[in-house]
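Q: Please take me on a close tour of one part of this structure, the surroundings of a single tryptophan and the core it belongs to. I would like to see how that part fits into the rest of the chain, and how far the model can be trusted there.

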Amino acid sequence: MRFTRRHPLLTVVLLCALAVLAARPADGDGFPAPGHGSASGVGAEVARLYEEAATATERYETGRREAEEQRARARRLEERLDRERRETAGLHEELGRIASSQYRDGGGLPLTAHMLLADDPEELMRGQRAVRQAEMSLDKAIGRSERAEARLARDEAEADAAWRRLEKRNTELAALREDIERKLEAARWKLQGQADASVTAGACRGAVRLDQPRTRFTTSWVAPVETYELSASYGSGGARWANRHTGQDFAVPIGTPVRAVGAGTVARVSCGGAFGIEIVLRHADGYYTQYAHLAAVAVDQGERVWPGQWIGQSGTSGNSTGPHLHFEARITPETGSAVPPVPWLARRGVSL
């Protein structure tokens, strides 16, 4: 009987292949979890810096609102004290008027003499009661004013201390935000440099997995970027295009996370030509969407995606005059089959 000799290297290769297959996730209807894969490289750094800048900005805005509230409280205290000062001054004036009247009518005579000489003692008593009431009101007003002054001094001291703390924190936050933005700007152009090199070589660098926050959208369709300004629209003319513009441009900085507008499968990832780095998704309703002029991709061809999943990062690769996302809705995966993307999204509940 003839025995075939086993090659040790072949055995090792087969065992490694089996280990890789066993480690792969099982196929199914579920979408991949956010942040799957390794988050590394410049693209991941840009995404992280975006998150840090957003957090620093949010904290700065919170501090600014607290400072405004402190100012408003101080203004209310000043207004209340001004009212009490005016009330006290009015009482002082009234008491002085009554005292002057009493002096003109009887000078410094004792009350008994006033009553003996008065034509109407009852009227005199009413006058004396008015004086006493005015004096009591003035005493109360003065006491209230003094308490208010003390309270205002205390509140102003507390408000001043709180204000100094807020100013110090806001100054630190502003410096932190500026530092993050400087780092972000440098990382953006480093990322774009890598993108340009990929386009020149006509070969993609591969997916850079981004650590996306675990947020699930309640809608089936979303805008391709979160914050943007609309620039060139579908059908517009210009020297940059041989014919009419075939998509909708979203003006966003380099490195902005680009989202899948709906659930689907990655039909194509390419890194050459006029569109630079681009991704084309196939959706269940038969339509396709294209995301072009990217700086990086975060998905691989054949991968399933969910609405809002980060699939790449915006850039200015290919035939582009500045950082933006070029978005198309198509009836096929190829150029030339685009439909107006804004009404296409609007029919799916997405208003731009």
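A: Let us settle one term before looking: two residues touch, or are in contact, when heavy atoms of theirs lie within 4.5 Å. With that in hand, start at W344, which touches W221, V261, Y287, T289, F327, A329 and V339, leaving aside residues up to four places away in sequence. Please keep in mind that this is a predicted model.

W344 belongs to the largest nonpolar core, a set of 42 residues. Which residues have the most contacts inside this core? They are I279, L281, Y291, I311 and W344. At least two core residues come from each of these elements: the helices α2 (41–106), α4 (121–201) and α5 (341–346), and the strands β4 (264–271), β5 (277–283), β6 (288–297) and β9 (325–330). The core also draws on both domains, with at least three residues from domain 1 (43–199) and at least three from domain 2 (205–347). Another core, of 5 residues, lies apart from it, and A44, L210, A298 and W310 are among its members.

Now step from W344 to one of its partners, W221. This tryptophan sits in the loop between α4 and β1. Is W221 buried or exposed? Its relative accessibility is 18%, and the cut-off for buried is under 20%, so W221 counts as buried. Besides W344, the residues that W221 touches are V261, G262, H283, D285, R348 and V350, again not counting residues up to four places away in sequence. V261 is thus a contact of W221 and also of W344. Another tryptophan can be placed relative to W221: the C-alpha atoms of W221 and W306 are 9.3 Å apart, with their positions 85 residues apart in sequence.

The loop between α4 and β1 also holds A223. A223 is buried, because its relative accessibility is 11%. Its contacts, beyond residues up to four places away, are Y228, R259, V261, V350 and L352. V261 turns up here once more, and V350 is a contact of A223 as well as of W221. From A223 to A260 the C-alpha distance is 8.1 Å, across a separation of 37 residues.

Stay with this loop for C204, which is also found between α4 and β1 (229–230), and whose partner C271 is in strand β4, 67 residues away, so to speak a link between distant parts of the chain. The two cysteines form a disulfide with their sulfur atoms 1.7 Å apart, and the structure holds 1 disulfide. The torsion about the S-S bond is about 110°, which makes the disulfide right-handed. The two ends differ in burial: C204 is partly exposed at 33% relative accessibility, whereas C271 is buried at 5%.

Strand β6, one of the elements that supply the core, has a point worth a look. H293 lies in this strand and has a positive phi of about 65° although it is not a glycine. Most residues other than glycine have a negative phi. H293 is buried, given its relative accessibility of 4%.

How does this part sit within the chain as a whole? The chain has 5 helices and 10 strands. Of its 352 residues, 37% are buried. Among contacts with a separation of 6 or more, 72% join residues 24 or more positions apart. The chain exposes about 20800 Å², and carbon and sulfur atoms supply 54% of that area.

As for trust, the chain averages a pLDDT of 77, and 72% of the residues score at least 70. Residues 1–39 are the stretch to treat with care: pLDDT stays under 50 there, and the model has 29 contacts for them beyond four places in sequence. Where pLDDT is low, the predicted coordinates should not be read in detail.

Conventions. Residues are numbered from 1 along each chain as its sequence is written. This is a predicted model: local features need pLDDT of at least 70, side-chain atom pairs count only at pLDDT 80 or more; totals for chains, interfaces and linings use all residues. Side-chain values use heavy atoms; hydrogens and water are left out. Helices (H or I, at least four residues) and strands (E, at least two) are DSSP runs, numbered from the N terminus. Buried means under 20% relative accessible area, exposed over 50%, partly exposed in between (1.4 Å probe, protein chains only). Accessible areas come from the Shrake-Rupley method with a 1.4 Å probe; for residues, only the protein chains shown count as cover. A nonpolar core is a set of buried Ala, Val, Leu, Ile, Met, Phe, Trp, Tyr and Cys residues joined through side-chain atoms within 4.5 Å. Domain bounds come from an automatic or database domain assignment. pLDDT is the predictor's confidence in each residue, from 0 to 100. A disulfide is a pair of cysteine sulfur atoms within 2.5 Å.
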